[in-house]
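Let's take a walk through this one together, chain by chain, and then look at where the chains meet. Keep the viewer open as you read.

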Amino acid sequence: MNVGDSRELRVRVTRSQVVRYSGASTDFNEIHFSDRHARAIGLPGVVAHGMWTMGAGLRVVTDWVEDPARVLSYFVRFTRPVVVPDTDDGVEVVYTATVAEIDGGVAKLTLTATCGNDAVLGAARAEVRVA
Amino acid sequence: MPITPEHVGRHFPPAPPYTVSRAKIEEFAVALGDDNPAYFTDDAIAPPTFAAIIAAQAWGALFDDEELGLSLNRTMHGDQHFDFHRPLKAGDEVVAQLGIERVRNRSTMDMVTILVELTVDGEPVCSARSTLMHTKEEAA
């Protein structure tokens, strides 16, 4: 891992994956399974959990360093929801991670997450132990 | 009475301990679509953001505090930060304690930064800091 190196990860999310995350996380907010509830608060339809979008994206880093125990910190701003259509294919989120700095055995990475034309996470960054 | 900067520093009694299980670690990793072998062995560790499950359970104290006037269904998650001191693993009995760190009152919204400290046997394992955007009732 060197400064400037980057990786990309494409993750597909379907309604069934969103339901699975509701159960695993015990976040049963109706906007994650009901179009009716999602529209009532101005969303176009069911959206993925922000914490799913954050958690699934960290894989771009943990696949890279292999051992997830190396992750020291992780920050994201939730900028736009990931709207998940009721189709077999769902929707794809594209994540990138780029090494911004390595100092004292710790790499600082900047992350992006894009769904269609929307940046769904902002100012995302992680620190990992590399030595 | 709404939440104000005067509430900064308020701490809530810890939530009952949460026991991490290997089954829940696997379930969570599968829900993230993450097949990293570290999550599927006898001495599995939890995916880093597993901490959010436990932290979110501590948020209940915030919404139950009538003085603050906060309602979960008018709340959006603005940002999330984790500092990981060590990975969570099966058998950990995790105590989560919530404190209010920052409050900014805006015209239609209150922005509340909360810090949940997760400890096992008194040792810190993760600090989970969240900014919650709470739409005021009169603006809804």
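**A tour of two chains**

Start at the N terminus of chain A and follow the elements along: they run β-α-α-α-α-β-β-β-β. That adds up to 4 helices and 5 strands. How compact is chain A for its length? Its radius of gyration is 16 Å, close to the 14 Å that the globule rule gives for 131 residues, so chain A is as compact as a globular protein of that length. Keep in mind as you go that what you're looking at is a predicted model.

If you'd rather think in terms of a box, the C-alpha trace of chain A spans about 50 × 30 × 25 Å along its principal axes. Buried residues make up 37% of its 131 residues. As for how the chain folds back on itself, take the contacts in chain A with a separation of 6 or more: 61% of them are between residues 24 or more positions apart.

Now switch to chain B. Reading along its sequence gives the pattern β-α-α-α-β-β-β-β, with 3 helices and 5 strands in the tally. Its C-alpha atoms fill a box of roughly 50 × 30 × 20 Å, again taken along the principal axes. Of the 140 residues in chain B, 36% are buried. Among its contacts with a separation of 6 or more, 69% come from residues 24 or more positions apart.

The strands of chain B are worth tracing by eye. Begin with strand E1 (residues 18-19), which is joined by 2 bridges to strand E3 (residues 93-105), the two running antiparallel. To find this pairing, look for B:Thr19, whose bridge partner in E3(B) is B:Glu93. E3(B) also pairs with strand E4 (residues 109-120) of chain B, again antiparallel, and here there are 11 bridges. B:Gly99 and its bridge partner in E4(B), B:Leu115, make a handy landmark. Together E3(B) and E4(B) form a hairpin, with 3 residues between them.

So much for the separate chains; how do they meet? In the contact region, 25 residues of chain B are in contact with 28 residues of chain A. On the chain B side, the elements that give two or more residues are helix H1 (22-32), helix H2 (51-58) and strand E2 (75-84). The largest share, 8 residues, comes from E2(B). Sorted by character, the chain B side divides into 14 nonpolar, 7 polar and 4 charged residues.

E2(B) also pairs with a strand across the chains. Strand E2 (residues 71-78) of chain A is joined to E2(B) by 5 bridges, and the two strands run antiparallel. Which residue of E2(B) is the bridge partner of A:Val76? That's B:Gln80.

Finally, look inside. In soluble globular proteins, nonpolar side chains tend to be buried together. Here, the largest nonpolar core has 74 residues, and those with the most contacts inside it are A:Leu111, B:Ala51, B:Ala55 and B:Leu118. H2(B) gives the largest share of this core, 6 residues. Zoom in on B:Ala51 to see some of the packing: leaving aside residues up to four places away in sequence, it touches B:Phe82, B:Leu88, B:Leu118, B:Cys126 and B:Ala128.

Conventions:
Residues are numbered from 1 along each chain as its sequence is written. Chains are lettered from A and ligands numbered from 1 in the order in which they are written. This is a predicted model: local features need pLDDT of at least 70, side-chain atom pairs count only at pLDDT 80 or more; totals for chains, interfaces and linings use all residues. Two residues are in contact if their C-beta atoms, placed from the backbone, lie within 7 Å. Ala, Val, Leu, Ile, Met, Phe, Trp, Tyr, Cys and Pro count as nonpolar, Asp, Glu, Lys and Arg as charged, and the others, Gly among them, as polar. Two strands pair if DSSP finds at least two bridges between them. A residue is buried if 20 or more other C-beta atoms lie within 10 Å of its own, exposed if 12 or fewer, and partly exposed in between; C-beta atoms are placed from the backbone. The radius of gyration is taken over C-alpha atoms; the globule rule is 2.2 Å times the number of residues to the power 0.38. A nonpolar core is a set of buried Ala, Val, Leu, Ile, Met, Phe, Trp, Tyr and Cys residues joined through C-beta atoms within 7 Å.
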